[in-house]
Amino acid sequence: MAAAKSNTNWFVIGVSAAVVVVLAVLAFVVVFLNNQATAPGTAPQSSIVNEETGAISFGTGEDEIDTYVDFMCPVCGQFEDVYGEQLQAAAADNQITLNIHPVSILNRLSTTGEFSSLSAGSMYCVAEEAPDSTLDYFNLLFANQPEENSAGLSADELSALAEQAGAGAAADCIADGTFNKFADSQTQVHEISGTPTVEINGTRIENSEIATEFAKIFG
């Protein structure tokens with residue numbers, strides 16, 4: 001009887017140990033998958049991409065203006081219609097440093113579920129492969145901006161716009177979605193919940209204050 005009891009105890013101990021091992025493995029898998037889901041992805045390497053902030057930067061002016069844009073966002077298109085030319089001209093004259101942050105918050109408003117990520121990632125592709133063509137490509141994205149709740153532009157269509165801007169070398173990067181995940185991570189890192197989001201010298205401002213604050217810089 002005692003022997004039987006001893007055998008039973010060892011069996012229970014063995015089962016318990018096996019359960020602990022299985023739970024440990026499952027915990028590892030969960031952590032691994034979570035890390036994969038939230039990993040920043042491949043970072044672009046470019047003379048115009050700030051490694052710390054992820055911004056695609058133009059100009060060297062003392063005043064820094066950061067814009068966070070989603071290429072599916074109609075209000076971002078309106079913002080560019082009103083301020084885009086002024087900001088880009090000021091950056092070209094080194095009156096300001098213009099930091100553009102492509103982000104992805106509106107994937108849900110494309111029927112493919114990925115246009116915001118795809119278009120934001122494509123900006124980084126162009127910035128890496130053809131830095132001098134990046135602003136031209138940026139402007140073409142808004143000139144050809146799709147409507148919300150549409151499919152958006154495909155990778156082939158984005159590559160055609162890149163070619164038009166002089167960045168045909170970015171086609172493979174766009175097709176592979178090389179920087180889509182990086183763009184997604186920037187959205188999280190900078191805590192972007194709406195676009196356009198504007199910062200002046202590191203201070204985030206309300207959209208209703210943009211005109212007033214820009215007037216202080218541009219006169």
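Two strands are taken to pair if DSSP finds at least two bridges between them. Helices (H or I, at least four residues) and strands (E, at least two) are themselves DSSP runs, numbered from the N terminus. With that settled, a good place to start is Ile65, which stands opposite Leu98 in strand S3 and opposite Ile200 in strand S4.

A word on what is being described. This is a predicted model, in which local features need pLDDT of at least 70 and side-chain atom pairs count only at pLDDT 80 or more, while totals for chains, interfaces and linings use all residues. Residues are numbered from 1 along each chain as its sequence is written, and side-chain values use heavy atoms, with hydrogens and water left out.

Overall, the chain has eight helices and five strands. Their order along the sequence is α-β-β-α-β-α-α-α-α-α-β-β-α. Of the chain's 219 residues, 45% count as buried, where buried means under 20% relative accessible area, exposed over 50%, and partly exposed in between (1.4 Å probe, protein chains only). Contacts (heavy atoms within 4.5 Å) reach well along the sequence: taking those between residues at least 6 apart, 76% join residues at least 24 apart.

Back to the strands. S2 spans residues 63–69, and five of its seven residues are buried, so this strand is largely enclosed by the rest of the structure. S2 pairs with S3 (residues 96–102) in the parallel sense, over seven bridges. With S4 (residues 197–200), S2 pairs in the antiparallel sense, over four bridges. The link from S2 to S3 involves helix H2 (residues 74–92), and S2, H2 and S3 together make a right-handed β-α-β unit. Right-handed here means that, with the strands pointing away from the viewer, the path from the first strand over the helix to the second runs clockwise.

Two cysteines can be picked out by their accessibility. Cys73 counts as buried because its relative accessibility is 4%, and Cys76 counts as buried because its value is 0%.

The aromatic side chains come next. Rings of Phe, Tyr and Trp (its six-membered ring) pair if their centres lie within 6.5 Å; planes under 30 degrees apart count as stacked, over 60 as edge-to-face and the rest as tilted. By that rule the structure holds eight aromatic pairs. In one of them, Phe71 and Phe142 have ring centres 5.2 Å apart and planes at 50°, so the pair is tilted. This pair links distant parts of the chain, with Phe71 in the loop between S2 and H2 and Phe142 in helix H4, 71 residues apart. Phe71 and Phe142 are both buried. Phe79 and Phe214 form an edge-to-face pair, at 6.4 Å centre to centre and 65° between the planes. Here too distant parts of the chain are linked: Phe79 is in helix H2 and Phe214 in helix H8 (residues 210–218), 135 residues apart. Both Phe79 and Phe214 are buried, and they join Tyr83 and Phe218 in one aromatic cluster.

As for cross-links, a disulfide is called when a pair of cysteine sulfur atoms lies within 2.5 Å. The structure holds one, formed by Cys125 and Cys173 with their sulfur atoms 2.1 Å apart. Cys125 lies in helix H3 and Cys173 in helix H6, so the pair ties together parts that are 48 residues apart in sequence. The torsion about the S-S bond of Cys125 and Cys173 is about -75°, so this disulfide is left-handed. Both Cys125 and Cys173 are buried.

Helix H5 (residues 155–165) has two faces to look at. Its buried residues are Ala155, Leu158, Ser159, Leu161, Ala162 and Ala165. They cover an arc of only 160° around the axis (taken from the directions from the helix axis to the C-beta atoms), which puts them on the same side of H5. On the other side of H5, Asp156, Glu163 and Gln164 are exposed. The cover over the buried residues of H5 includes helix H3 (115–129), helix H4 (134–143) and helix H6 (171–176). Just after H5, Gly166 takes a positive phi of about 95°.

Gly166 also turns up among the contacts of Ser133, a residue in the loop between H3 and H4. Leaving aside neighbours within four places in sequence, Ser133 is in contact with Val126, Ala165, Gly166 and Ala167. Ser133 counts as buried because its relative accessibility is 10%.
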